[in-house]
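Subject: Structure handover

Hello,

Please find the structure below, followed by what was found in it. Keep the viewer open while you read.

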Amino acid sequence: MAKIIYVDHEGTERAIEATNGESVMEAAIKNSIPGIDADCGGACACATCHVYVDDAFMDKVGKPEDMEQSMLDFAENVQGNSRLSCQISVSDDLDGMKVTTPESQH
Amino acid sequence: MDLSSSKRIVIVGGGQAAAQACASLRLFGFEGDITLIGEEAALPYQRPPLSKAYMKGELAEERLYFKPESWYQDQNIDTMLSMRATRIDRSAQTVDLEHGGSVSYDALIIATGSRPRALPVEGADLDGVFDLRDLADVERIRPRMIAGQKLVIVGAGYIGLEAAAVARQMGLEVTVLEMESRVLARVTSPVMSAFFEAEHSRQGVNVRTEARLSSLAGSEGKVATAVLADGTELAADMVLVGIGILPNVELAEASGIACSNGILTDRDARTNDPRVFAAGDCAARLLVHYGRKGRLESVHNAIEQGKLAAAAIMGKPRPAEDCPWFWSDQYDLKLQIAGLSQNYDETVVRGDIDARKFAVFYLQNGKLIAVDAINSPPEFLASKKLIMAGASLAPEILSDTSQSMKEIAAAAV
């Protein structure tokens, strides 16, 4: 289990307990967190689950694989800490992580 | 018609469009009752993985569901599962249920989806012959996905080819039968068909085009042989049928709602009855980027029409209408499709087909109308934007890999 804190673009925080093995996207969808659309359901096909990862956790979430990086290269408002949340797997190491959602996923 | 003060909204159907409508109605502030009537035993779940990761056993069942059961309880959504709606009475504003009783509505969303086209040959009812449409189908198929078993797949569409890829990766002996002269004939260009056919052949799939199945034969009620029109007999331990789907319009049609290859809707997913909406595979909608009506069988469409219906009911601004998009995973290939390629008059290839990283653009009178992108997300994402902008691009610019898709898109719109 890990506590994940989702911060929307206006700064509102929503904390949830996520289960190890599910993705940061899945945890958001199950808890009706606004700001993450995840249209493709986690197939890395749509880039609508874009988040900015808390700098303190950048090492822990690892690097994006080629397909994800390629999707990110073309998403809107990409920053150095951009990730697709469907590709981040929850583990104890991520306890307390904040992820911020962009204003729009489209 | 303002329906935002509705007491009860009924959703007939339990797939992705229905799930989206539930979520969007609550998001848009609907506080009345929501009743979801679904024929399947399961809560709404994702279908795409059924012929991909889930079929292969790489995805746990619980990860298929959009929302856990507790979410529907928390949101006060009454889910009536394994339940068939038998009749819509539009003057009484009620939906009759199979085992008696009825549910009244102030607004109704029909999201009845589609069903597999039945295999029109003798022996189609033998044991070991399966459709690949819902969770229950895959539960029957998976125990038979055993290395060395002989699998015959009827139909080389996306479902058939995805299943072929999974089965090969699990060590089955796979034959794909296709009536047309090439795989994916109805949905893509000859260059893409040739690529996928070569890929499957290289992976050891026996791809037989211009092959017409004549009958299935078996012993003791179980399928054993697929017989082709030319007399060829193929041994088969299992047969999967993927020859297209038919929209479930009967309930709407019988109630007098206008249908024509799908339940006809306007841009807000509203039918010719202002209290009745239709969303997903069953609906024929205006394709705003193409200036025609059509039915889309896709995740994008289910999500978007679910949102459109919810927004219209709640009097919210119409959500954005995206360019249609699709994807397919086969082996290590990710195919991403933007737009609708029907009626193209020119194709342009960008990238290296042999390197398995390329895109085929479809143009009509110089205007970009669709792309099939293999392992090429930038081509896919850029094309979505270009198609929505109605951009025209010269073939030599699209094929010029010395320019990034970002640069090409920025110059074009």
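Two strands are said to pair if DSSP finds at least two bridges between them. The model is a predicted one, and the pairing described next is read from that model.

Strand pairing in chain B

Strand S18 (residues 263-264) of chain B and strand S20 (residues 283-287) of chain B are joined by two bridges and run parallel. Within this pair, Ile263(B) stands opposite Ala283(B) of S20(B). S20(B) has another partner, strand S21 (residues 292-295) of chain B, which runs antiparallel to S20(B) and is joined to it by four bridges. Here Leu287(B) has Arg292(B) in S21(B) as its bridge partner. S20(B) and S21(B) make a hairpin with four residues between them. In that turn, Gly291(B) has a positive phi of about 65°.

Chain B as a whole

Ten helices and 26 strands make up the secondary structure of chain B. The globule rule gives 22 Å for 413 residues, and the radius of gyration of chain B is 22 Å, so chain B is as compact as a globular protein of that length. Its C-alpha atoms fill a box of roughly 65 × 60 × 35 Å along the principal axes. Of the 413 residues of chain B, 46% count as buried. If you take the contacts in chain B between residues at least 6 apart in sequence, 62% of them join residues at least 24 apart.

The domain assignment splits chain B into domain 1 (8-115 + 245-313), domain 2 (118-241) and domain 3 (332-412). Note that domain 1 is listed as two segments. From domain 1 of chain B to domain 2 of chain B, the C-alpha centres are 30 Å apart. Ten residues of domain 1 of chain B and eleven residues of domain 2 of chain B take part in the contact between them. On the domain 1 side of that contact, five residues are nonpolar, two are polar and three are charged.

Helix H8 of chain B

Does the length of this helix fit its residue count, or what span should you expect for helix H8 (residues 377-388) of chain B? At 1.5 Å a residue, its twelve residues should span 16 Å, and the end C-alpha atoms are 17 Å apart, which agrees. H8(B) is mostly covered, with nine of its twelve residues buried. Among the buried residues are Phe380(B), Leu381(B), Leu386(B) and Ile387(B), and also Glu379(B) and Lys384(B). After H8(B) comes Gly390(B), which has a positive phi near 70°.

Chain A

Chain A has three helices and five strands. Along the sequence they follow the pattern β-β-α-β-α-α-β-β. A compact globule of 106 residues would have a radius of gyration near 13 Å, and chain A has 12 Å, which agrees. The C-alpha trace of chain A spans about 30 × 25 × 25 Å along its principal axes. Of its 106 residues, 40% count as buried. Among contacts in chain A with a separation of 6 or more, 65% come from residues 24 or more positions apart.

Strand S1 (residues 2-7) of chain A pairs with strand S2 (residues 13-18) of chain A in the antiparallel sense, over six bridges. Ile4(A) has Ile16(A) in S2(A) as its bridge partner. These two strands form a hairpin with five residues between them, and Gly11(A) in the turn has a positive phi of about 100°.

Is Cys46(A) buried or exposed? A residue counts as buried if 20 or more other C-beta atoms lie within 10 Å of its own. Cys46(A) has 28 within that distance, so it is buried. Cys46(A) sits in the loop between H1 and strand S3 (50-53) of chain A. Leaving aside residues up to four places away in sequence, Cys46(A) touches Asp39(A) and Cys40(A). Ser32(A) is 14 residues from Cys46(A) along the chain, and their C-alpha atoms are separated by 19 Å.

Where the chains meet

In the contact between the chains, 15 residues belong to chain A and 21 residues to chain B. On the chain A side, helix H1 (24-30) and helix H3 (66-74) are the elements that give two or more residues. H3(A) gives the largest share, five residues. By residue type, the chain A side has eight nonpolar, three polar and four charged residues.

Regards

Note on methods
Residues numbered from 1 in each chain as written. Chains lettered and ligands numbered in written order. Predicted model: local features only at pLDDT ≥ 70, side-chain atom pairs only at ≥ 80, totals over all residues. Domains from an automatic or database assignment. Contact = placed C-beta atoms within 7 Å. Nonpolar A, V, L, I, M, F, W, Y, C, P; charged D, E, K, R; others polar. Rg over C-alpha atoms; globule rule 2.2 N^0.38 Å. Expected span 1.5 Å × (residues − 1).
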